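Open the model in your viewer and keep the selection box ready. We will go stop by stop.

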Amino acid sequence: MSPMQKARGVAVALGALLMSANAHASPDQDRAAVAALDTAYQAAVERNDAESMARILHPDMILVVGRGDVFTREDLLRSAREEQFVYEHQVEDAGTQTVRLYGDDTAIVTALLWLKGTGPNGPFDRRLWFSDTYVRTPEGWRYAFGQASLSLPPPPQ
């Protein structure tokens, strides 16, 4: 066996080991991993970090917003690259995030999101609920589907 074949064999074995470890994570480990990934995604959006977003987003990802518009993965990445929105805040309200597991390969994150910044229609400051669906792939958890509510009314004074 050549050194190149040995190196390939080691790489394949290591990849199989990592995938099997990922597939046998406990439910608490999966919830923690997805929670951290969703928080990282919100931070990447806030920074318009298209590279980090691309690593988290599933290739077939779509986002449906409360007014009925549908955005693809490429729409979201283009928006970040072009900095269509400049965020002061794109963060989950503390204590609102919940991660629910459905089987071994699906997780849904819900949280209250605070968005503040400037976009094509001027400044905005709003809160909304979202649900983000993550699926386990051979590469790890990926954000596959998102749904966001309409903006919530301002809290009573």
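What is the mean pLDDT of the protein, and what share of its residues reach 70 or more? The mean is 88, and 85% of residues reach 70 or more. This is a predicted model, so colour by pLDDT before anything else.

**Stop 1: the N terminus**

Select residues 1–21. Here pLDDT stays under 50. The model has two contacts beyond four places in sequence for this stretch. Where pLDDT is low, the predicted coordinates should not be read in detail. Hide the segment if it clutters the view.

**Stop 2: the whole chain**

Switch to cartoon. You should find four helices and seven strands. Walk along the sequence and the order is α-α-α-β-β-α-β-β-β-β-β. Take the contacts between residues at least 6 apart in sequence: 54% of them join residues at least 24 apart.

Now turn on the surface. The accessible area is about 9,500 Å². Carbon and sulfur atoms account for 59% of that area. Of the 157 residues in the protein, 36% are buried.

**Stop 3: strands E5, E6 and E7**

Select residues 106–119 for E5 and 122–137 for E6. The two strands run antiparallel, joined by 14 bridges. They form a hairpin, with two residues between them. To check the register, pick Ala107: Tyr134 in E6 stands opposite.

Add residues 140–148, which are E7. How many bridges join E6 to E7? There are eight, and this pair is antiparallel as well. E6 and E7 also form a hairpin, again with two residues between the strands. For the register here, pick Phe130; its bridge partner in E7 is Ala148.

While the strands are on screen, look at the side chains. In a regular strand they alternate between the two faces of the sheet.

**Stop 4: the nonpolar core**

Stay with Phe130 and show the side chains around it. Phe130 belongs to the largest nonpolar core, which has 29 residues. Which members touch the most others? They are Val34, Tyr41, Met53, Leu57, Phe130, Tyr134 and Tyr143. Select these seven as sticks.

Next, colour the elements that give two or more residues to this core. The helices are H2 (27–47), H3 (50–56) and H4 (73–81). The strands are E1 (57–65), E5, E6 and E7. In soluble globular proteins, nonpolar side chains tend to be buried together.

Now list the contacts of Phe130, leaving aside neighbours within four places in sequence. Val109, Thr110, Ala111 and Leu113 are among them. So are Gln147 and Ala148. Asp38, Gln42 and Glu92 complete the set.

**Stop 5: Leu37**

Move to Leu37, in helix H2. Which residues does Leu37 touch, not counting those up to four places away in sequence? The contacts are Ile56, Tyr134 and Trp141. Draw a distance from Leu37 to Ile56, C-alpha to C-alpha. The separation is 7.4 Å, for two residues 19 apart along the chain.

**Stop 6: the salt bridges**

The protein has nine salt bridges. Begin with Arg136 and Asp30. Their closest N and O atoms are 2.7 Å apart. This pair links distant parts of the chain: Arg136 is in strand E6 and Asp30 in helix H2, 106 residues apart.

Are these two partners buried or exposed? Arg136 is buried, because its relative accessible area is 13%, under the 20% cut-off. Asp30 is buried too, with a relative accessible area of 6%.

Keep Arg136 selected and add Asp105. These two also form a salt bridge, with the closest N and O atoms 3.0 Å apart. Arg136 lies in strand E6 and Asp105 in the loop between E4 (98–102) and E5, so the pair ties together parts that are 31 residues apart in sequence. Asp105 counts as partly exposed, at 41% relative accessibility. Show Asp30, Asp105 and Arg136 together: salt bridges that share partners join them into one network.

Finish with Asp69 and Arg67. They form a salt bridge, and the closest N and O atoms are 2.7 Å apart. Asp69 is partly exposed, with a relative accessible area of 32%. Arg67 is exposed, with a relative accessible area of 61%.

Key
Residues numbered from 1 in each chain as written. Predicted model: local features only at pLDDT ≥ 70, side-chain atom pairs only at ≥ 80, totals over all residues. Heavy atoms only, no water. pLDDT = per-residue confidence, 0-100. Contact = heavy atoms within 4.5 Å. Pairing = 2+ DSSP bridges. Core = buried A, V, L, I, M, F, W, Y, C linked by side-chain atoms within 4.5 Å. Buried < 20%, exposed > 50% of the residue type's maximum accessible area, 1.4 Å probe, protein only. Areas by Shrake-Rupley, 256 points an atom, 1.4 Å probe, with all protein chains shown as cover. Salt bridge = Lys/Arg side-chain N within 4 Å of Asp/Glu carboxyl O.
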